[in-house]
Amino acid sequence: MLSFKQFFFEASEEKDLGQFCGPGGCFKVWDTIKWAEKTGRKEIIDLQDTDNILTRAVHNDIDEWWQGDDERMMESDTKWPILMLVEPDGEISIADGLNRAKKLRDVEEKETIQANVVKRQDIPAEFKINK
């Protein structure tokens, strides 16, 4: 079985992990995660610090966008960081890892979440779907 790092950094480029969409288009999850791991701002988000904009974004996204798939959430591996996007207007959201974030907060009751934070406009154009 491949480790997470092998899965994301050594496995076939043909791997399709889907896409995330928002203002400015849709992007390939696979490519963006690999790129963000190398270039993104690494953050440890304190879930108790509600004055922190990243903390508020995590809680908001879980509360508003989590789809209620308990099985998928419980199968998620919480040792890997979530991917957060900063939009040009300053809005911040979870692009990948909503199930991990939900599990960390509500099941494992962790006080922190690791995240790679990137600006949407910095994501390379070749990761965009339907350019």
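Student: To how many disulfides does the count come in this structure?

Tutor: The count comes to 1 disulfide, where a disulfide is a pair of cysteine sulfur atoms within 2.5 Å. The structure is a predicted model, in which local features need pLDDT of at least 70 and side-chain atom pairs count only at pLDDT 80 or more, while totals for chains, interfaces and linings use all residues. Residues are numbered from 1 along each chain as its sequence is written, and side-chain values use heavy atoms, with hydrogens and water left out.

Student: What makes the link of Cys21 to Cys26 a disulfide?

Tutor: The S to S distance of Cys21 and Cys26 is 1.9 Å, and the rule asks for sulfur atoms within 2.5 Å, so the pair qualifies. A disulfide is a covalent bond between the sulfur atoms of two cysteines. The link of Cys21 and Cys26 is right-handed, with 110° about the S-S bond.

Student: Why is Cys21 called partly exposed?

Tutor: Cys21 has a relative accessible area of 43%. Buried means under 20% relative accessible area, exposed means over 50%, and partly exposed lies in between (1.4 Å probe, protein chains only). The value of 43% falls between the two limits, so Cys21 is partly exposed.

Student: Where does Cys21 stand with respect to S2?

Tutor: Cys21 stands opposite Cys26 in S2, and Phe20 stands opposite Phe27 in S2. Strands here are DSSP runs of E with at least two residues, and helices are runs of H or I with at least four, numbered from the N terminus.

Student: How do you know that strands S1 and S2 pair?

Tutor: Two strands pair if DSSP finds at least two bridges between them. Strand S1 (residues 19-22) and strand S2 (residues 25-28) are joined over 4 bridges in the antiparallel sense, so the requirement is met. Their hairpin has 2 residues between the strands, and Gly24 takes a positive phi near 95° there.

Student: Why is one side of S1 and of S7 left without a neighbour in the sheet?

Tutor: The open sheet has 3 strands in the order S1-S2-S7, with antiparallel pairing. S1 and S7 stand at its edges with a single partner strand each, so each has one side without a neighbour in the sheet. Helix H2 (residues 29-39) packs on this sheet and touches S1 and S2, its direction making about 70° with that of S2.

Student: What makes the pair of Arg120 and Glu87 a salt bridge?

Tutor: A salt bridge is a side-chain nitrogen of Lys or Arg within 4 Å of a carboxyl oxygen of Asp or Glu. The closest N and O atoms of Arg120 and Glu87 are 2.6 Å apart, so the pair satisfies the rule. This pair links distant parts of the chain, 33 residues apart: Arg120 is in the loop between strand S6 (112-119) and strand S7 (128-129), and Glu87 is in the loop between strand S4 (82-86) and strand S5 (92-96). Both Arg120 and Glu87 are buried. A search of the whole structure finds 6 salt bridges, among them that of Arg100 with Asp96, whose closest N and O atoms are 3.2 Å apart.

Student: How do you know whether Lys102 is buried or exposed?

Tutor: Lys102 has 15% relative accessibility, which places it under the limit for burial, so Lys102 counts as buried. Its salt-bridge partner Asp106, whose closest atom lies 2.6 Å away in the N to O sense, has a relative accessible area of 33% and is therefore partly exposed. Lys102 and Asp106 both lie in helix H5 (residues 98-107), 4 residues apart, about one turn of the helix. A network of salt bridges links Asp63, Lys102, Arg105 and Asp106. Leaving aside neighbours within four places in sequence, Lys102 is in contact (heavy atoms within 4.5 Å) with Ile62, Trp66, Met73 and Val107.

Student: What makes H3 stand as it does to H5?

Tutor: The axes of helix H3 (residues 53-65) and H5 come within 10 Å and cross at roughly 105°. That makes H3 roughly perpendicular to H5. Axes are lines fitted to C-alpha atoms, for helices over the stretch in contact, and angles run from 0 to 180 degrees between N-to-C directions. Angles of 65 to 115 degrees count as roughly perpendicular, under 35 as roughly parallel, over 145 as roughly antiparallel and the rest as oblique. Val58, His59, Asp61, Ile62, Asp63 and Trp65 in H3 meet Leu98, Ala101, Lys102 and Arg105 in H5.
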